[in-house]
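Student: I have a chain open on my screen and would like to learn to read it. Could you go through it with me, question by question?

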Amino acid sequence: MTNSQRLTLRASEIRQRLNEIAGLDGDAMTDEIRAESDRLGTEYADVETRRRAAIIAEDAAVETTATEPDAELRERVELRGRSRLGRYLAAAMGGRLVDGPEAEYAAACGAPAGQIPLDLFEGDRPVETRADAASPAPSTTGQTVHAIQPYVFAATIAGRLGITMPTVGSGSHSWARVSTALTAGAKPKGAAQESTAAALTAVTASPRRISARLTIQAEDVAAIGTETFEPALRSNLQGALADEYDGQCVNGNGTAPNVSGLLPQITAPTAPTAVAGFDDFVTAFADQIDGLWASTMRDVSMVANVDAYKRSAKTFRDKVIDAANKGAASLGDTSAADYLAAHTGGWSTAKRMPDTPSSGARQNIADAIVRRSGRSLLAAVHPVWGSLQIDDVYTDSASATRHVTLHVLVGDKVLIVQPDAYARAAFKVA
């Protein structure tokens with residue numbers, strides 16, 4: 001993710017929390033909540049300022065084909081040129097730490113002692129040999145071409161669902177929670193309170209790889225007529241990788257090499273038999289209140305698939321708009337979508353959500369992911385071990401072909417640390 005994307009996610013989280021605070025009544029507004037509101041307001045202003053700066057900087061980077069590295073970067077590149085992978089491996093096999101330029105380079109990259117910096121593979125020797133499809137210049141070239149416009153990927157929803165993505169060190173990554181609490185009770189005079197066992201439940205993820213690759217030919221770079229050709233394709237490469245990552249994070253089925261995403265890990269509810277009406281949408285939110293993770297409907301948010309959201313936008317208190325009864329009675333002036341947006345923690349849709357099945361046991365049943373956000377605790381984690389970018393100008397240098405490969409190492413599953421923070425809802429849409 002780019003810096004601007006991370007800041008956008010943080011701004012969204014702050015807005016959601018501020019909306020929750022705004023919905024509290026006077027008795028619920030404690031000094032702690034007022035202090036939190038003041039802090040979030042200040043942080044939001046700061047995040048917005050930094051987000052705008054990041055967007056401007058990233059746009060400028062896309063339009064620039066070469067930049068002058070700063071002194072620190074030049075020094076790190078120089079150290080990388082003097083470092084050798086074999087020395088890292090020899091030190092590891094000998095049970096010792098590297099020294100010399102390898103040690104300096106690892107320190108400059110912030111790599112933990114005994115680990116190989118991922119940046120070592122930048123501009124290194126080629127990867128696998130196989131047939132690659134080059135991204136050609138368009139047929140109309142040699143003219144003054146406007147800056148190339150980006151391909152539009154679906155917006156990320158992992159952050160909206162409360163999934164954090166920490167960078168972790170080598171080895172499998174685990175999170176544990178207290179799943180069985182200690183007990184307490186009222187006792188008569190002189191009676192002892194016996195201890196009961198608390199229980200911990202751990203969830204663990206191991207690394208899996210998501211990759212994307214770009215192949216460019218020198219003739220196309222020269223013929224396109226705009227300097228934004230290669231930067232635009234590189235940006236598209238990063239976007240493709242982020243798009244696949246977010247899709248795996250939400251919908252991955254867990255069958256190797258796929259990630260076990262959030263949605264498949266949550267038990268699906270019984271499929272409803274009637275097409276969703278106004279009250280069905282409201283009931284779906286009200287039924288998620290548990291008094292622990294959600295005390296009001298403002299503590300409940302849902303991300304639904306497109307069909308479910310469209311159905312709610314066409315559903316009014318009196319009637320559902322369709323050819324059979326349109327105009328038969330007053331439809332009111334508030335749709336279910338508008339009502340839920342005003343009275344809940346959030347009702348939205350995303351292209352990332354799975355399509356409504358057109359056949360099978362769950363035909364016409366649209367899914368939604370429920371997030372209960374009444375507790376400010378970490379709910380789900382998807383660890384990231386790091387990323388590699390390999391810019392290969394050597395393998396096909398005889399044909400003036402260049403390859404850029406991106407890899408990101410992520411957990412084989414989204415770790416649901418607090419299962420009660422999530423649920424699924426289902427709506428019959430046809």
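What follows is a set of questions and answers about this predicted model.

Tutor: Two notes before we begin. Residues are numbered from 1 along each chain as its sequence is written, and side-chain values use heavy atoms, with hydrogens and water left out. Because the model is predicted, local features need pLDDT of at least 70 and side-chain atom pairs count only at pLDDT 80 or more, while totals for chains, interfaces and linings use all residues.

Student: How many helices and strands are there in the chain?

Tutor: Helices (H or I, at least four residues) and strands (E, at least two) are DSSP runs, numbered from the N terminus. By that count, the chain has eleven helices and twelve strands.

Student: What percentage of the 430 residues is buried?

Tutor: Relative accessible area decides this: buried means under 20%, exposed over 50%, and partly exposed in between (1.4 Å probe, protein chains only). Of the 430 residues in the chain, the buried ones make up 33%.

Student: Which element supplies the largest share of the largest nonpolar core?

Tutor: A nonpolar core is a set of buried Ala, Val, Leu, Ile, Met, Phe, Trp, Tyr and Cys residues joined through side-chain atoms within 4.5 Å. The largest one has 33 residues, and I157, L161 and L262 are among those with the most contacts inside it. Strand 4 (207-217), helix 7 (229-251), helix 8 (262-265) and strand 10 each supply at least two residues of this core. The largest share, five residues, comes from helix 7.

Student: Which residues is L262 in contact with, leaving aside neighbours within four places in sequence?

Tutor: Contact means heavy atoms within 4.5 Å. With those sequence neighbours set aside, the partners of L262 are L161, I163, C249, V250, I369, V414, I416 and Y422.

Student: How many residues does the second, separate core have?

Tutor: A276, M297, A308 and A337 are included in this second core. Its total is 23 residues.

Student: Why do the buried residues of helix 9 line one face of the helix?

Tutor: In helix 9, F278, F281, V282, A284 and F285 are buried. They pack against strand 5 (300-304), helix 10, helix 11, strand 6 (346-349) and strand 12 (422-428). The arc is taken from the directions from the helix axis to the C-beta atoms. Seen down the axis of helix 9, the buried residues line one face because they fall within an arc of 155°.

Student: Within what arc do the buried residues of helix 5 fall?

Tutor: Helix 5 spans residues 100-109, and its P101, E102, Y105 and A106 are buried. Viewed down the axis of helix 5, they line one face of the helix, falling within an arc of 135°.

Student: Is T401 buried or exposed?

Tutor: T401 lies in strand 10 (residues 401-411), where it touches T215, I216, Q217, D392 and D396, not counting residues up to four places away in sequence. The side chain of T401 also makes a polar contact (a pair of N or O atoms within 3.5 Å, where within protein one must be able to donate a hydrogen and the other to accept it, and residues adjacent in sequence count only if both atoms are side-chain atoms). The partner is the side chain of S399, at 3.2 Å. With 8% relative accessibility, T401 counts as buried.

Student: How far apart in space are L9 and R160?

Tutor: L9 lies in helix 1 (residues 3-22) and is buried, with a relative accessible area of 15%. L9 and R160 are 151 residues apart in sequence, yet their C-alpha to C-alpha distance is 7.3 Å.

Student: Which residue meets R17 in a salt bridge?

Tutor: A salt bridge is a side-chain nitrogen of Lys or Arg within 4 Å of a carboxyl oxygen of Asp or Glu, and the structure holds eight of them. The R17 pair meets at 3.0 Å, N to O, and links R17 in helix 1 with a residue of helix 2 (residues 31-63), 19 residues apart. That partner is E36.

Student: Where do R317 and D279 lie?

Tutor: The side chains of R317 and D279 meet in a salt bridge at 2.4 Å, N to O. This pair links distant parts of the chain, 38 residues apart. R317 is in the loop between helix 10 (306-313) and helix 11 (336-343), and D279 is in helix 9 (residues 278-286).
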